[in-house]
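Me: I've just opened a structure I haven't seen before. Can you walk me through it?

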Amino acid sequence: MNTHIVWHQSTVVRGQRERQNGHKSFILWFTGLSGAGKSTLAHRVEQLLFEQGCRTYVFDGDNVRHGLCSDLGFSAEDRRENIRRIGEMSKLFVDAGVIALTAFISPFRRDRDLVRTLVEPGDFVEIFCDAPLEVCEQRDVKGLYRKARAGEIPEFTGISSPYEKPLDPEITVRTGQDSLDDCARRILEYLEKNGKINLKTTR
């Protein structure tokens, strides 16, 4: 970083934005194998939060790679940079008073842990979408596992590149067997229990 760059402090701060929005801001970080249901679940949770009047935004792995990270590949180094960028972007959204939901495979623990260090304690909620590889392969809605097995996609997580499961996530949802609404409900219950939202009074 250029040493001549100086952070400019906003006159409107996060706490004021949160009070105006009527809820706290934080990151919901959905991680899991391709096909585990991360994006589907993230968007369902966003819909439920939106219906409660919360200000939200979903960062989807594929969508981000169409723009912000379109210059990156899928090597370990590029994956790390991809997560770093979205972590920094999510941090800005938290400062803006918005609930940032991110749906990324994010296969490496140290990359997810790095994002956790970017924000205040409690602002990073790691959600492990636990679906066995065989279930994800059976779904294979994008045909990616088939191509990976055929050697057409190198460094594919779960096949030729590892996925490191979270050791102590805030939430684990069994997306391989439980319904979408059951998983979403579990997340909202956690958020309310931990004082992130108030489902009775949020507007």
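Reply: Sure. One term before we start: a residue is called buried under 20% relative accessible area, exposed over 50%, and partly exposed in between. Also keep in mind that this is a predicted model.

Me: Let me try that on a residue. Is Glu155 buried, exposed or partly exposed?

Reply: Glu155 has 39% relative accessibility, so it counts as partly exposed. You'll find Glu155 in the loop between helix 7 (144–149) and strand 5 (171–173). Its phi is positive, about 55°, although Glu155 is not a glycine.

Me: Which other residue, not a glycine, has a positive phi, near 35°?

Reply: That's Ser106, with phi near 35°. Ser106 sits in the loop between strand 3 and helix 5 (109–118).

Me: And is Ser106 buried or exposed?

Reply: Buried, because its relative accessibility is 3%.

Me: OK, zooming out. How many helices and strands does the chain have?

Reply: There are 8 helices and 5 strands. Reading from the N terminus, the order is α-β-α-β-α-α-β-α-β-α-α-β-α.

Me: Let's take the strands, then. What is around strand 3?

Reply: Strand 3 covers residues 99–103, and 5 of the 5 are buried, so the rest of the structure largely encloses it.

Me: Which way do its side chains point?

Reply: Ile99, Leu101 and Ala103 point one way, and Ala100 and Thr102 point the other way. All of them are buried.

Me: Why do they split into two sets like that?

Reply: Because in a regular strand the side chains alternate between the two faces of the sheet.

Me: Which strands does strand 3 pair with?

Reply: Strand 1 (residues 27–31) is joined to strand 3 by 4 bridges, and the two run parallel. Strand 2 (residues 56–60) is joined to strand 3 by 5 bridges, also parallel.

Me: I'd like some residues to click on. What stands opposite Phe30 in strand 3?

Reply: Phe30 stands opposite Ala103. On the strand 2 side, Val58 has Leu101 as its bridge partner in strand 3.

Me: Back to strand 1. How many of its residues are buried?

Reply: 5 of the 5 are buried, so strand 1 is largely enclosed by the rest of the structure. Ile27, Trp29 and Thr31 point one way from strand 1, while Leu28 and Phe30 point the other way.

Me: Strand 1 pairs with strand 3. How many bridges join strand 1 to strand 4?

Reply: 5 bridges, and strands 1 and 4 run parallel. Leu28 stands opposite Val125 in strand 4, and Trp29 stands opposite Glu126 there.

Me: Is strand 4 mostly covered or mostly open?

Reply: Mostly covered: strand 4 spans residues 124–129, and 6 of its 6 residues are buried. One side has Phe124, Glu126 and Phe128, and the other has Val125, Ile127 and Cys129. Both faces are covered.

Me: So Glu126 is among the buried ones. How does strand 5 connect to strand 4?

Reply: Through 3 bridges, with the two strands running parallel. Ile127 has Ile171 as its bridge partner in strand 5.

Me: What comes after strand 5?

Reply: A loop between strand 5 and helix 8 (180–193), and Gln177 is found in it. Gln177 is exposed, with a relative accessible area of 59%. Its C-alpha atom is separated by 7.5 Å from that of Ala131, and the two residues are 46 apart along the chain.

Me: Now the overall shape. How does the radius of gyration fit a compact globule?

Reply: It agrees: a compact globule of 203 residues would have a radius of gyration near 17 Å, and the chain has 17 Å. Along the principal axes, the C-alpha atoms fill a box of roughly 55 × 50 × 30 Å.

Me: What share of the residues is buried?

Reply: 42% of the 203 residues. As for contacts, take those with a separation of 6 or more: residues 24 or more positions apart account for 74% of them.

Me: And what's on the outside?

Reply: The chain exposes about 11,300 Å², and carbon and sulfur atoms supply 50% of that.

Me: Last one: how many positive and negative side chains are there?

Reply: 30 positive and 30 negative, and the centres of the two sets lie 3 Å apart.

Definitions and conventions: Residues numbered from 1 in each chain as written. Predicted model: local features only at pLDDT ≥ 70, side-chain atom pairs only at ≥ 80, totals over all residues. Heavy atoms only, no water. Buried < 20%, exposed > 50% of the residue type's maximum accessible area, 1.4 Å probe, protein only. Pairing = 2+ DSSP bridges. Rg over C-alpha atoms; globule rule 2.2 N^0.38 Å. Contact = heavy atoms within 4.5 Å. Areas by Shrake-Rupley, 256 points an atom, 1.4 Å probe, with all protein chains shown as cover. Lys, Arg positive; Asp, Glu negative; His and termini not counted. Charge placed at Lys NZ, Arg CZ, Asp CG, Glu CD.
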